[in-house]
Amino acid sequence: MSTIQGKSNTENQAKNQAAGLHKITIVGGGAGGLELAVRLGKKLGKKKKAIITLIDASRTHLWKPLLHQVAAGTLDSHADEREYFALARSNHFEFRLGRMDGLSREKKEIYLSATCDEDGSELLPRQAIAYDSLVIALGSQTNDFGTPGARDNSIMLDSLPAAERFHQKLVNCCLRAQTQARQSGEGRFTVTIIGGGATGVELAAELHMTTKILSSYGLVNFHPEKDLKIVIVDAAPRLLQMLPERLSDAVARELRSIAVEVHTNERVVEVTKEGVSMSSGKFIPSGIVVWAAGIKAPEFLKDLDGLESNRINQLVVHRTLQTTRDTSIFALGDCCACPQGEGLPTVPPRAQSAHQQASLLADSLSRMLQGKSLKEFTYKDYGSLVSLGNYTTVGSLMGALANGSVFIEGTLAKWMYWSLHKNHQVAVNGLFHTWLSTWAETIDRVRNPRIKLH
């Protein structure tokens, strides 16, 4: 009896001590949010200097730049997903499942909507989570700019379920072609990708490679060039508008060499079940439409309990990453508008931005608990890389890597693109586990088909 009582007293003491610890709550388990939780867990959670809580609506994490590979079937998402609960246990932070839908700055609480299972039954009730410091890292979602029919008739490639839904449609299309030989003069099945940014061009190349591999698996009535047409539509004068023109031209040449149709300076005015209409009067009949043009932060962040936001719902922050109207609330990644300096645009919504902001905020929050001042964020552009599947990779190296910028392509660019993903895995999983998982990936490539067939 005394042993049980002693254990109970120890647990109560631990709870009382924990109650007095600074509570850092991070909403969003994407690249930036998860990296921040891991860093803070090791710095503060492990040493019982703070309670670190990560909240996400999903139970698993997948690096968002890989979604186009999941959609094309060249990556099995289950091989790369990591369980948040397992990551929390090994990195000294807590994980809570739920979707944020409200905030009370006065009570210092965030609110999570009820979570339901696949049958629609309530799994978790509506919750209130307390915080002392709140970090919002909810990333971004596709912006359809209010285009009629876009939301209902296209796939927004900004989540794992959307990527998997696209892949299923693609495989079904190929199977249908296998059993129903195309009649003479009958049109090809068309996949139209709206948006000529990195996601759009990478998806186009991956799709072409996927269909070539599929046709080699005995689909005798399916020919990638004859039965499938891939189209990219963009309102800008060229693809990859935010990147150097030389890089854009190289990508366009490579896409055209593999029969990808490119339409620039074309604004989409409507998406229907039959296809895509453009302001010039052109109409592209389409079997699948993917919307990959533009981003915005989640809608509920607009005027969230009085916090300042911009026209695409991003929270406006100081260079310390503190929101302009509440110093205890921070934001990072795609959902924040962080200034770079007078006359300069805000920090671009890119994976390297979120990674750099997570590193800085991990140091800043540790300094804050020691009574020290917060650091200011300075964005360093290390360049851009765009992978076109097995065909090529092109990119530009900038900042500290070169005086100005250096254009690269081919094998060197492929290795550097691959290393971006590995750097993220090291930040989340550690060097040893990343090394093990890389060997496992290599073995799986030999054991499994080159693309996912289901």
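A cavity is a set of grid points where a 1.4 Å probe fits but cannot get out. A search of the whole structure, which is a predicted model, finds two such cavities of 30 Å³ or more. The volume of the second largest cavity is about 40 Å³. Its lining consists of Gly-333, Asp-334, Cys-336, Val-347, Pro-348, Pro-349, Arg-350, Ser-353, Ala-354 and Gln-357. Helix 11, which covers residues 351-369, supplies the largest share of that lining, with three residues.

From the empty space we turn to the nonpolar cores. The largest nonpolar core contains 52 residues, and those touching the most other members are Ile-26, Leu-36, Leu-40, Phe-93, Leu-103, Ile-110 and Ile-136. Helix 2 contributes the most to this core, namely six residues. Apart from the largest core lies another, of 37 residues, which includes Leu-75, Ala-205, Val-251 and Ala-252.

Helix 2 deserves a closer description. Its 15 residues, 31-45, should span 21 Å at 1.5 Å a residue, and the end C-alpha atoms are 19 Å apart, which agrees with that expectation. The helix is mostly covered, since eleven of the 15 residues are buried. Among the buried residues of helix 2 are the glycines Gly-32, Gly-33, Gly-41 and Gly-45, and Leu-34, Leu-36, Leu-40 and Leu-44 are buried there as well. Glu-35 also belongs to the buried set. Several residues of this helix meet Ile-26: leaving aside residues up to four places away in sequence, Ile-26 touches Gly-33, Leu-36, Ala-37 and Leu-40, and its further contacts include Ile-52, Thr-53, Leu-54, Ile-55 and Val-135.

The next element is a sheet. Strands of a sheet pair through backbone hydrogen bonds, either parallel or antiparallel. Here an open sheet of five strands is arranged in the order 13-20-14-15-16, with parallel pairing. Strand 13 (155-156) and strand 16 (261-263) are the edge strands, each of which pairs on one side only. Within the sheet, strand 14 (residues 189-194) runs parallel to strand 15 (residues 228-233), and six bridges join them. One of the residues involved is Phe-189, whose bridge partner in strand 15 is Leu-228.

Thr-190 also has its place in strand 14. This residue has a relative accessible area of 7%, and because buried means under 20%, Thr-190 counts as buried. Not counting residues up to four places away in sequence, Thr-190 touches Lys-229 and Val-231, together with Ile-284, Pro-285, Ser-286, Gly-287 and Ile-288.

Notes: Residues are numbered from 1 along each chain as its sequence is written. This is a predicted model: local features need pLDDT of at least 70, side-chain atom pairs count only at pLDDT 80 or more; totals for chains, interfaces and linings use all residues. Side-chain values use heavy atoms; hydrogens and water are left out. Two strands pair if DSSP finds at least two bridges between them. Helices (H or I, at least four residues) and strands (E, at least two) are DSSP runs, numbered from the N terminus. The expected span of a helix is 1.5 Å times one less than its number of residues. Buried means under 20% relative accessible area, exposed over 50%, partly exposed in between (1.4 Å probe, protein chains only). A nonpolar core is a set of buried Ala, Val, Leu, Ile, Met, Phe, Trp, Tyr and Cys residues joined through side-chain atoms within 4.5 Å. Contact means heavy atoms within 4.5 Å. On a 1 Å grid over the protein atoms alone, a cavity is a set of points where a 1.4 Å probe fits but cannot get out, and a pocket is an open set with protein on both sides within 12 Å along at least five of seven lines; lining residues have an atom within 4 Å of a point. Grid points are joined across faces, edges and corners, and a volume is the space filled by probe spheres set on the points.
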